[in-house]
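Good morning, colleagues, and thank you for making the time. I should like to take you through one structure, beginning with its sheet and ending with its helix contacts.

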Amino acid sequence: MPTAIAQPGKTLLNPANHTLIMIDHQSQMAFATKSIDPVQLRNNVALVSKAAKEFKVPTILTTVAEKSFSGPMFNEIKQVFPNEAAIDRTSMNTWEDPRIAERVNAIGKDKIVLAGLWTSVCIVGPALSALDQGFEVYVITDASGDISDEAHERAVERMIQAGARPMTSLQYLLELQRDWARGETYDETVATAIANGGGYGLGLIYAKTMFNASEGH
(Lines give C-alpha, C1' and ligand atoms only; values in the text may rest on other atoms or scores of the structure.)
Protein backbone atom coordinates (compact mmCIF):
# COMPACT_ATOMS: atom_id res chain seq x y z
CA MET A 1 0.00 0.00 0.00
CA PRO A 2 1.36 3.46 -0.84
CA THR A 3 2.19 5.90 1.96
CA ALA A 4 0.52 9.31 2.01
CA ILE A 5 2.96 12.22 2.30
CA ALA A 6 1.91 15.85 2.76
CA GLN A 7 3.58 17.18 -0.38
CA PRO A 8 2.40 18.16 -3.88
CA GLY A 9 2.44 15.80 -6.83
CA LYS A 10 5.19 16.12 -9.41
CA THR A 11 2.81 17.07 -12.22
CA LEU A 12 1.40 20.09 -10.38
CA LEU A 13 2.61 23.47 -11.56
CA ASN A 14 4.42 25.89 -9.30
CA PRO A 15 5.95 29.28 -10.11
CA ALA A 16 9.46 27.89 -10.52
CA ASN A 17 8.95 24.74 -12.58
CA HIS A 18 7.56 25.90 -15.91
CA THR A 19 7.69 28.36 -18.79
CA LEU A 20 4.52 30.04 -20.06
CA ILE A 21 4.26 30.71 -23.81
CA MET A 22 1.40 32.96 -24.96
CA ILE A 23 0.92 32.61 -28.70
CA ASP A 24 -0.83 34.85 -31.25
CA HIS A 25 -3.45 36.53 -29.10
CA GLN A 26 -4.01 39.04 -31.91
CA SER A 27 -7.02 40.81 -33.35
CA GLN A 28 -7.03 39.14 -36.77
CA MET A 29 -6.87 35.71 -35.17
CA ALA A 30 -9.62 36.64 -32.70
CA PHE A 31 -12.09 37.82 -35.36
CA ALA A 32 -12.63 34.24 -36.57
CA THR A 33 -12.42 32.58 -33.14
CA LYS A 34 -15.88 31.16 -32.45
CA SER A 35 -15.33 28.44 -29.83
CA ILE A 36 -15.26 31.00 -27.02
CA ASP A 37 -16.87 34.41 -26.60
CA PRO A 38 -14.26 37.13 -27.25
CA VAL A 39 -15.07 38.93 -24.00
CA GLN A 40 -14.51 35.71 -22.05
CA LEU A 41 -11.36 34.98 -24.01
CA ARG A 42 -9.87 38.40 -23.25
CA ASN A 43 -10.84 38.06 -19.58
CA ASN A 44 -9.14 34.67 -19.33
CA VAL A 45 -6.05 35.93 -21.12
CA ALA A 46 -5.87 38.79 -18.61
CA LEU A 47 -6.16 36.32 -15.74
CA VAL A 48 -3.34 34.14 -17.06
CA SER A 49 -1.12 37.16 -17.72
CA LYS A 50 -1.65 38.56 -14.23
CA ALA A 51 -1.01 35.17 -12.64
CA ALA A 52 2.26 34.75 -14.51
CA LYS A 53 3.38 38.27 -13.63
CA GLU A 54 2.45 37.93 -9.96
CA PHE A 55 4.28 34.64 -9.50
CA LYS A 56 7.26 35.68 -11.67
CA VAL A 57 6.77 32.84 -14.13
CA PRO A 58 9.19 33.03 -17.09
CA THR A 59 6.92 34.11 -19.94
CA ILE A 60 7.50 34.14 -23.69
CA LEU A 61 5.17 36.27 -25.83
CA THR A 62 4.94 35.58 -29.52
CA THR A 63 2.99 36.90 -32.50
CA VAL A 64 2.70 36.05 -36.17
CA ALA A 65 2.98 38.75 -38.87
CA GLU A 66 2.03 41.46 -36.39
CA LYS A 67 2.77 44.46 -38.61
CA SER A 68 1.70 43.08 -41.98
CA PHE A 69 -1.39 40.98 -41.24
CA SER A 70 -2.47 39.74 -37.81
CA GLY A 71 -2.39 42.97 -35.84
CA PRO A 72 -1.29 43.80 -32.29
CA MET A 73 -1.29 41.53 -29.30
CA PHE A 74 -4.24 41.91 -26.91
CA ASN A 75 -3.93 44.88 -24.59
CA GLU A 76 -4.72 42.52 -21.72
CA ILE A 77 -1.26 41.04 -22.22
CA LYS A 78 0.63 44.20 -23.17
CA GLN A 79 -0.62 46.06 -20.10
CA VAL A 80 0.68 43.32 -17.80
CA PHE A 81 4.01 42.93 -19.64
CA PRO A 82 4.69 46.46 -20.96
CA ASN A 83 8.44 45.90 -21.30
CA GLU A 84 8.29 42.40 -22.77
CA ALA A 85 8.82 42.41 -26.55
CA ALA A 86 6.93 39.72 -28.42
CA ILE A 87 8.84 37.47 -30.80
CA ASP A 88 7.19 38.00 -34.19
CA ARG A 89 7.28 34.97 -36.49
CA THR A 90 6.38 33.77 -39.95
CA SER A 91 6.03 30.11 -38.95
CA MET A 92 2.63 28.79 -37.90
CA ASN A 93 4.36 26.45 -35.47
CA THR A 94 6.02 28.61 -32.83
CA TRP A 95 8.35 25.77 -31.87
CA GLU A 96 10.01 25.85 -35.31
CA ASP A 97 11.34 29.36 -34.73
CA PRO A 98 14.96 29.11 -33.45
CA ARG A 99 14.47 32.15 -31.23
CA ILE A 100 11.79 30.32 -29.25
CA ALA A 101 14.04 27.29 -28.78
CA GLU A 102 16.81 29.60 -27.61
CA ARG A 103 14.55 31.26 -25.04
CA VAL A 104 13.13 27.95 -23.82
CA ASN A 105 16.61 26.50 -23.40
CA ALA A 106 17.87 29.62 -21.63
CA ILE A 107 15.00 29.48 -19.15
CA GLY A 108 15.65 25.79 -18.60
CA LYS A 109 12.27 24.43 -17.42
CA ASP A 110 10.99 21.02 -18.46
CA LYS A 111 7.33 21.98 -18.16
CA ILE A 112 5.78 24.17 -20.88
CA VAL A 113 2.39 25.88 -20.50
CA LEU A 114 0.70 27.09 -23.69
CA ALA A 115 -2.19 29.41 -24.47
CA GLY A 116 -3.10 31.03 -27.78
CA LEU A 117 -5.06 31.29 -31.01
CA TRP A 118 -5.89 29.09 -32.78
CA THR A 119 -5.83 25.87 -30.79
CA SER A 120 -5.65 23.62 -33.87
CA VAL A 121 -2.69 25.44 -35.41
CA CYS A 122 -0.85 27.76 -33.02
CA ILE A 123 -1.12 25.42 -30.03
CA VAL A 124 -1.12 21.93 -31.56
CA GLY A 125 2.15 22.63 -33.39
CA PRO A 126 4.30 23.59 -30.38
CA ALA A 127 2.50 21.18 -28.06
CA LEU A 128 3.22 18.11 -30.19
CA SER A 129 6.73 19.33 -30.98
CA ALA A 130 7.62 19.96 -27.33
CA LEU A 131 6.15 16.60 -26.26
CA ASP A 132 8.20 14.87 -28.94
CA GLN A 133 11.35 16.45 -27.50
CA GLY A 134 10.66 15.29 -23.96
CA PHE A 135 8.96 18.32 -22.40
CA GLU A 136 5.84 18.11 -20.24
CA VAL A 137 3.12 20.20 -21.88
CA TYR A 138 0.08 21.89 -20.34
CA VAL A 139 -2.57 23.75 -22.36
CA ILE A 140 -4.80 26.47 -20.89
CA THR A 141 -7.84 25.61 -22.96
CA ASP A 142 -10.05 28.57 -22.06
CA ALA A 143 -7.31 31.08 -22.87
CA SER A 144 -7.21 29.49 -26.32
CA GLY A 145 -9.82 29.14 -29.04
CA ASP A 146 -10.53 28.22 -32.63
CA ILE A 147 -12.77 28.83 -35.62
CA SER A 148 -15.37 26.35 -34.33
CA ASP A 149 -16.14 24.19 -31.31
CA GLU A 150 -15.22 21.19 -33.44
CA ALA A 151 -11.79 22.59 -34.31
CA HIS A 152 -11.00 23.47 -30.69
CA GLU A 153 -12.24 20.19 -29.23
CA ARG A 154 -10.48 17.98 -31.78
CA ALA A 155 -7.25 19.92 -31.22
CA VAL A 156 -7.47 19.47 -27.45
CA GLU A 157 -8.26 15.76 -27.86
CA ARG A 158 -5.29 15.32 -30.19
CA MET A 159 -2.94 16.94 -27.70
CA ILE A 160 -4.30 14.91 -24.78
CA GLN A 161 -3.81 11.72 -26.78
CA ALA A 162 -0.17 12.73 -27.22
CA GLY A 163 0.27 13.40 -23.50
CA ALA A 164 -0.59 17.09 -22.99
CA ARG A 165 -2.45 18.12 -19.83
CA PRO A 166 -5.42 20.51 -20.20
CA MET A 167 -6.31 23.12 -17.60
CA THR A 168 -8.25 26.38 -17.27
CA SER A 169 -7.14 29.93 -16.58
CA LEU A 170 -8.57 30.09 -13.04
CA GLN A 171 -7.09 26.69 -12.30
CA TYR A 172 -3.70 28.04 -13.39
CA LEU A 173 -3.91 30.95 -10.95
CA LEU A 174 -5.05 28.83 -8.02
CA GLU A 175 -2.54 26.06 -8.71
CA LEU A 176 0.26 28.60 -8.45
CA GLN A 177 -1.11 29.95 -5.15
CA ARG A 178 -2.16 26.51 -3.83
CA ASP A 179 -2.02 27.51 -0.16
CA TRP A 180 -3.95 30.52 1.13
CA ALA A 181 -1.43 30.84 3.97
CA ARG A 182 1.17 32.06 1.44
CA GLY A 183 0.78 35.65 2.50
CA GLU A 184 3.28 37.16 0.06
CA THR A 185 0.98 36.41 -2.90
CA TYR A 186 -2.39 36.21 -1.16
CA ASP A 187 -3.60 39.78 -1.76
CA GLU A 188 -2.68 39.83 -5.45
CA THR A 189 -4.17 36.39 -6.09
CA VAL A 190 -7.43 37.50 -4.52
CA ALA A 191 -7.38 40.77 -6.48
CA THR A 192 -6.88 38.91 -9.76
CA ALA A 193 -9.65 36.45 -8.91
CA ILE A 194 -12.01 39.31 -8.05
CA ALA A 195 -11.21 41.15 -11.28
CA ASN A 196 -11.21 38.20 -13.67
CA GLY A 197 -12.55 35.16 -11.81
CA GLY A 198 -16.20 35.50 -12.79
CA GLY A 199 -18.67 34.12 -10.26
CA TYR A 200 -15.84 33.01 -7.99
CA GLY A 201 -14.65 36.61 -7.87
CA LEU A 202 -18.15 37.79 -6.94
CA GLY A 203 -18.16 35.26 -4.12
CA LEU A 204 -14.90 36.65 -2.81
CA ILE A 205 -16.31 40.19 -2.88
CA TYR A 206 -19.38 39.05 -0.96
CA ALA A 207 -17.48 37.08 1.68
CA LYS A 208 -14.93 39.81 2.33
CA THR A 209 -17.53 42.60 2.39
CA MET A 210 -20.14 40.87 4.52
CA PHE A 211 -17.96 39.15 7.13
CA ASN A 212 -14.34 40.01 6.33
CA ALA A 213 -13.56 36.40 5.42
CA SER A 214 -9.99 35.26 4.80
CA GLU A 215 -9.08 31.88 3.34
CA GLY A 216 -5.71 31.76 5.08
CA HIS A 217 -7.11 31.53 8.62
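Which residue in β4 does Ile23 stand opposite? The partner of Ile23 is Gly116 in β4. Before I enlarge on that, please keep in mind that this is a predicted model.

The two residues belong to a strand pair: β1, residues 18-23, and β4, residues 111-116, run together in the parallel sense over 6 bridges. That pair is part of an open sheet of 6 strands, whose order is β3-β2-β1-β4-β5-β6 and whose pairing is parallel. At the edges stand β3 (87-89) and β6 (165-167); each has a single partner strand, so one side of each is left without a neighbour in the sheet. On average, and ignoring direction, neighbouring strands of this sheet are turned by 25 degrees against each other. Helix α5, residues 98-107, packs on the sheet and touches β1, β2 (59-64), β3 and β4. The direction of α5 makes about 175 degrees with that of β2.

Let me turn to the loops. In the loop between β4 and α6 we find Trp118, and the peptide bond leading from Leu117 to Trp118 is cis, with omega near -15 degrees. Lys56, in the loop between α2 and β2, has a positive phi of about 55 degrees although it is not a glycine. As background, most peptide bonds are trans, and a negative phi is found for most residues other than glycine.

The count of aromatic pairs comes to 3. One of them joins Trp95 and Phe135 in an edge-to-face arrangement, 5.4 Å centre to centre, with 75 degrees between the planes. Trp95 lies in the loop between β3 and α5, and Phe135 in the loop between α6 (119-132) and β5 (136-140), so this pair ties together parts that are 40 residues apart in sequence.

I come now to the helix contacts. Helix α2, residues 38-54, packs with helix α8, residues 169-177, at an angle of about 15 degrees, and their axes are 8 Å apart. With that angle under 35 degrees, α2 is therefore roughly parallel to α8. The crossing of α2 past α8 is left-handed. On the α2 side the contact includes Leu47, Val48 and Ala51, and on the α8 side it includes Leu170, Tyr172 and Leu173. The residues of this contact divide into 8 nonpolar, 3 polar and 1 charged.

How are α6 and α7 placed? Helix α7 spans residues 149-162; α6 and α7 pack at about 5 degrees, with axes 10 Å apart, which makes α6 roughly parallel to α7. Among the residues that meet are Ile123, Val124 and Leu128 in α6, and Ala155, Val156 and Met159 in α7. Here the division is 10 nonpolar, 3 polar and 1 charged.

Finally, helix α9 (residues 183-196) and helix α10 (residues 198-211) pack at about 120 degrees, their axes being 6 Å apart. That angle makes α9 oblique to α10. The crossing of α9 past α10 is left-handed. Tyr186, Val190 and Ile194 are among the α9 residues in contact, and Tyr200, Leu204 and Lys208 among those of α10. This contact divides into 7 nonpolar, 3 polar and 1 charged.

Thank you; I shall be glad to take questions.

Terms used. Residues numbered from 1 in each chain as written. Predicted model: local features only at pLDDT ≥ 70, side-chain atom pairs only at ≥ 80, totals over all residues. Heavy atoms only, no water. Pairing = 2+ DSSP bridges. Helix = DSSP H or I, 4+ residues; strand = E, 2+ residues; numbered from the N terminus. Axes fitted to C-alpha atoms, helices over the stretch in contact; angles between N-to-C directions. Contact = heavy atoms within 4.5 Å. Parallel < 35°, antiparallel > 145°, perpendicular 65-115°, else oblique. Left-handed = near helix turned anticlockwise from the far one by under 90°. Nonpolar A, V, L, I, M, F, W, Y, C, P; charged D, E, K, R; others polar. Phe/Tyr/Trp six-rings, centres within 6.5 Å; stacked < 30°, edge-to-face > 60°.
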